[in-house]
Amino acid sequence: MPRLPTLLAEVRSGAILIPNFQRPFEWDDDRRLDLLDSVDKEMPIGAILVWRTREHRLACLETLGAFGLPSGPGPQVPRAYLLDGHQRLATLYAALNWTDNRDDLLAAGVRWPVWYDLAAEPGDRPFRFLPQKRQPPPSWLPMYALLEPKRLYEQQKRLLDEGLDEESQRAELLANRFKDYQIPIMPLISEDLRLVTDSFVRVNSGGKRMNETHMVRALAYADDCDVEGKIEALRAELEPLGWGALDDQILLNVLKVRWGLHIYGAVPRELNELVQQHGCHPVFDELRRSIGWAVRLLADLGVRGPRALPYAAQLIAIAELGRRLNGNEPDQSQNATVSRWFWATTYGEYFTGMPGNRFRDAIDALYQAVTEGCDPIPPDLIREVDPIHTFNFRATRTKALALRMTWRIADDQLRERTQQALGEQGVDAVHLLFARRGARLPENRIVALPEELQRVRQGLMWSRDLFLFGTSRDPSAAIEAKHLARSRLLSEYLILPDAPVTHDSQGDEIADALEHILTDRRTRIDEVERAFLDRIGFSFASDEAAE
C-alpha cells in the first residue's frame, strides 16, 4: 500500500494517468477541506481504482486540479489509468504541490492554496482558504510545504523566528502524518476495454450522480468515438446562434427519441450500443442537422437561446420533427402548425410532469399534424389559462409572458437582440421597471436591453420638453416629435403612452403616478395575452367564468 507522497509522485511522473473520460474537477470548498481533515486525522478516504493495461493507450487529461500533467502515456508498460478517485486525487495533488504562479489555480475557478492554522482551537477544522489580497496570519502554514523538505524547513524557521515554537513542532508532526498516510490502490488488470469502461460507469454511478454524458463518453471509448469532441464541435457551431450553452442531456435525449428509447429509463449502455451500430460520425452529423433545424425554427418563435426555452421537451420534439422531415424547410402552413403547437404546449403547460412513455406519442402527434394538416393542439390539453399573478422565471407561464413581451418591440433588429439576451441570460434580461416596487409583480417586470430600459425610465421622468408639451397650446414640431417618440416607446413596453411622470423636477418619486402606471400595465398585460390566446384557440379562465 503506497504512502501519499509516492502516489502523488506516480501521478507527477505519468506512472498513473488520468483518462479524459473522467468528469471535470467539481468538488466544492467544503468537500476538499473535509478530505484533507480526514487525512490529518488518519481516517480512511477509500481506495483508488487503477486499470493496468499493456495494449491500450487512452487520451489523458492535461491537468489535475489545475496543475499540468505529462502530455500523454509514456513508453512504460503496463500503463496505469485512474478509474475511480479523480476528485480525491486532484484535491490532494493540488493542495500539496507547489507552483510559482498561484493565479493559474484561481483562473481555473477553484480556490487554492490551502492553509493549515497551527493555532486552531481543539475541535475546530484547521484548514483554511486565504481571502484575496490578504496576508496569512503567522500561525498559518501553506499545505504545499508539507512534502517539500526545503520549504518545510523554511516555514519552521519562520515560525521559530517569530517565537512560535509550539507551532513549529506541530508543523513537523503534521508533515509526518501526511508523509506516512497510506492510500490503497485496487488494480483492475484486463485488456477488455468494454469491461473496463463498464466498470468505470458502475463505480461512478454511486454517491454523487454522474452526468449521463460522462457515462456515455466513457462507454464510447470502447468504440473509438469521441463523444466529448463531437458535442464540443456542435456547441461551437451553435454558439453564434445563442445556443452554445445547450445542456448535454438535451442532446442525448434527442438521440434517445430518435431511436425510440425511453427518455428517462434508458441506460447509457443502450444508447452507446446504438451509436456503435449506426456509426459515430453519421449519428452526430444527423444530430447536428436536427438540432440546427430546431434552433432556426425556434428563432422564428422568438426563442433564441436555451434559457428562454419553456420546455427542453419542445426542442427535443422539434429536432425529431426536423429529422423526420429530412431537414427540409417547412412551408408557411407547416410553420404555422409548429408555432401553434409550441404556444399551446407552453401556455397549456403540457409537458409538466409528462411521463417518458407518453413523450413519443406527443412527437408522433406533432409529426402527423405537420404532415397531414390536422389540429396540432393535443386533445387532452386544457385550453383555459389563468392570468399571471406572480413573476417566477422558473415557471413556464412566466417564460411565456416574457417571450410575448419581446414581440411588442417594433424594430426587427432591436427585437432580435432583446430575444437573444433573454435566451442567453434568462431572468437577468427581465428587469424591474421600478426598483422600489415588488420583484414578483409581473407588471413591474420589463424585458429590455439595458440601454432601452434606461430610455424607458428617462421617458417617465420629468423633462422640460414634456412640461412644455403639456402646458403649451401650440407646441413646436420638435417637441411634438419627442412626445410622439416617447408614446411609441412606452407603448412597446406595455406602458400607458400618455403615462404621467413618476418623478418631479426635483427627482422625488410621485407614488400615485407609479401605482397608476403599474395598475394600467397589469391591465395591458392581460389584454395582450388574452388577444394572443384567442388567436391560438385558448382563453383566460376568468373569461370563461364570466360567460
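At 2% relative accessibility, Glu320 counts as buried, a class that covers residues under 20% relative accessible area, whereas exposed means over 50% and partly exposed lies in between (1.4 Å probe, protein chains only). Its salt-bridge partner Arg323 is partly exposed at 22% relative accessibility. The two side chains meet at 2.9 Å, N to O; a salt bridge here is a side-chain nitrogen of Lys or Arg within 4 Å of a carboxyl oxygen of Asp or Glu.

The model is predicted: local features need pLDDT of at least 70, side-chain atom pairs count only at pLDDT 80 or more, and totals for chains, interfaces and linings use all residues. Residues are numbered from 1 along each chain as its sequence is written, and side-chain values use heavy atoms, with hydrogens and water left out.

**Salt bridges**

Side chains of opposite charge can pair when their charged atoms come close. The structure holds 33 salt bridges, including the three tabulated here.

| Pair | Closest N to O distance |
|---|---|
| Glu320 and Arg323 | 2.9 Å |
| Glu515 and Arg437 | 3.0 Å |
| Arg455 and Glu452 | 3.2 Å |

Glu320 and Arg323 are 3 residues apart in helix α13 (residues 312–324), and are therefore separated by about one helical turn. Helices (H or I, at least four residues) and strands (E, at least two) are DSSP runs, numbered from the N terminus. Both residues also belong to a network of salt bridges that links Glu320, Arg323, Arg324 and Asp364.

The pair Glu515 and Arg437 has its closest N and O atoms 3.0 Å apart. Glu515 lies in helix α21 (residues 511–535) and Arg437 in the loop between β11 (430–432) and β12 (445–447), so the pair ties together parts that are 78 residues apart in sequence. Glu515 is partly exposed at 39% relative accessibility, while Arg437 is buried, with a relative accessible area of 18%.

In helix α18 (residues 450–459), Arg455 and Glu452 are 3 residues apart and thus separated by about one helical turn. Arg455 is partly exposed at 41%, whereas Glu452 is buried at 8%.

**Aromatic contacts**

The structure holds 12 aromatic pairs. Rings of Phe, Tyr and Trp (its six-membered ring) pair if their centres lie within 6.5 Å; planes under 30 degrees apart count as stacked, over 60 as edge-to-face and the rest as tilted. One of the pairs is formed by Trp51 and Tyr81, which is tilted, with 5.6 Å centre to centre and 35° between the planes. Trp51 lies in strand β2 (residues 48–53) and Tyr81 in strand β5 (residues 79–84), so this pair ties together parts that are 30 residues apart in sequence. Trp51 is buried, with a relative accessible area of 0%, and Tyr81 is buried at 0% relative accessibility.

The rings of Tyr350 and Phe351 have their centres 5.3 Å apart and their planes at 70°, so the pair is edge-to-face. Both residues are buried, and they belong to one aromatic cluster with Tyr311, Trp341 and Phe359.

A charge sits over a ring if NZ of Lys or CZ of Arg is within 6 Å of the ring centre and within 35 degrees of the ring normal. The charged end of Arg324 is so placed over Tyr367, 5.5 Å from the ring centre, and that of Arg404 over Trp343, 4.9 Å from the ring centre.

**Sheet**

An open sheet of mixed pairing is formed by 4 strands in the order β1-β5-β2-β9, where two strands pair if DSSP finds at least two bridges between them. The edge strands β1 (16–17) and β9 (185–189) each pair on one side only. Strands β2 and β9 run parallel and are joined by 5 bridges; Val50 has Pro187 in β9 as its bridge partner.
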